[in-house]
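Please look first at the fold as a whole, and then at the place where the ligand sits. The report below follows the ligand shell, the sheet and the core in turn.

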Amino acid sequence: MLDLRFKPINSRNVEDVCALHRAAYLDDHFSSKFNDQLLSKYYLHLSDLNDGLCFISYSGTQAVGFVIAGKSLNNKVKEFVRLNRIAICFVILRNPSFIIPKIKSLFTRFSKSKWKSTADLRVLSIAVSPQFQGEGVGKSLLAHLESELKHLDTKLYGLSVKKSNIGAQEFYEKRGFIYEAGDKNSLYYVKELI
Ligand SMILES: CC(C)(COP(=O)(O)OP(=O)(O)OC[C@H]1O[C@@H](n2cnc3c(N)ncnc32)[C@H](O)[C@@H]1OP(=O)(O)O)[C@@H](O)C(=O)NCCC(=O)NCCS
């Protein structure tokens, strides 16, 4: 098992977060299409106000993984999109395969019948450097997050995962997450903290 140190995400380490993001996430993630400046703005925006729940882990000086979690993260994402709408429009125009999914997500956002998870605190992103995957880093990231959540007296937290991301689903199920619901593209999981 690696000896890991955890640090809150901030302007000093956000470049390491972006490098991990680019290495770990597949190209079908919309945020993978952001340029370096927009991606670091995105992670700094999300980590703001969520101190302690958005952190990066290091083994020595090597960044090995990160987690973005918190309450009201959907609102933080919406706020980021609002504040950076011109840059986001350019990303969509440069990547036309995202035009239809983004229009559809606009419609579901305003739909009253949209399903809502019972967990208001969620993990938006967790990633481990491909070089270090399978060595217990993901497990340690979740364990560190859960120890922080217990301080906050959180009993339940959740996340969503793409249906196509079978590896991550197996990872979450092994870490005690339970399937809550699913839609065309994603599965929603929750975990009770005891
Ligand atoms: C998903 C991810 C965070 C897991 O991190 P990791 O450091 O590789 O996982 P760990 O080594 O801590 O594995 C913990 C357990 O999950 C299992 N596991 C991890 N990845 C797995 C996979 N792809 N398939 C099956 N099981 C897996 C491990 O076998 C291990 O099981 P054990 O507890 O019985 O030993 C990492 O693979 C990753 O960054 N993936 C790309 C980004 C991503 O998809 N993030 C999730 C977005 S929803």
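Helices (H or I, at least four residues) and strands (E, at least two) are DSSP runs, numbered from the N terminus. This is a predicted model, in which local features need pLDDT of at least 70 and side-chain atom pairs count only at pLDDT 80 or more, while totals for chains, interfaces and linings use all residues. Residues are numbered from 1 along each chain as its sequence is written.

A residue is near the ligand if its C-beta atom, placed from the backbone, lies within 6 Å of it. Of the 19 residues around the ligand, those that come nearest are Gln133, Gly138, Lys139, Gly167 and Glu170. The helix α7 gives the most to this shell, with 5 residues, and the elements that each supply at least two residues are tabulated here.

| Element | Residue range |
|---|---|
| β4 | 121-128 |
| α6 | 137-151 |
| α7 | 166-174 |

Two strands pair if DSSP finds at least two bridges between them. An open sheet of 7 strands, with mixed pairing, runs in the order β1-β2-β3-β4-β5-β7-β6. Its edge strands, β1 (5-8) and β6 (178-182), each pair on one side only. Between β6 and β7 the pairing is antiparallel over 4 bridges, and Ile178 stands opposite Val190 in β7.

Contact between two residues requires C-beta atoms, placed from the backbone, within 7 Å. Leaving aside residues up to four places away in sequence, Cys54 touches Pro8, Ile9, Leu46, Ser47, Val67, Ile68, Ala69 and Gly70.
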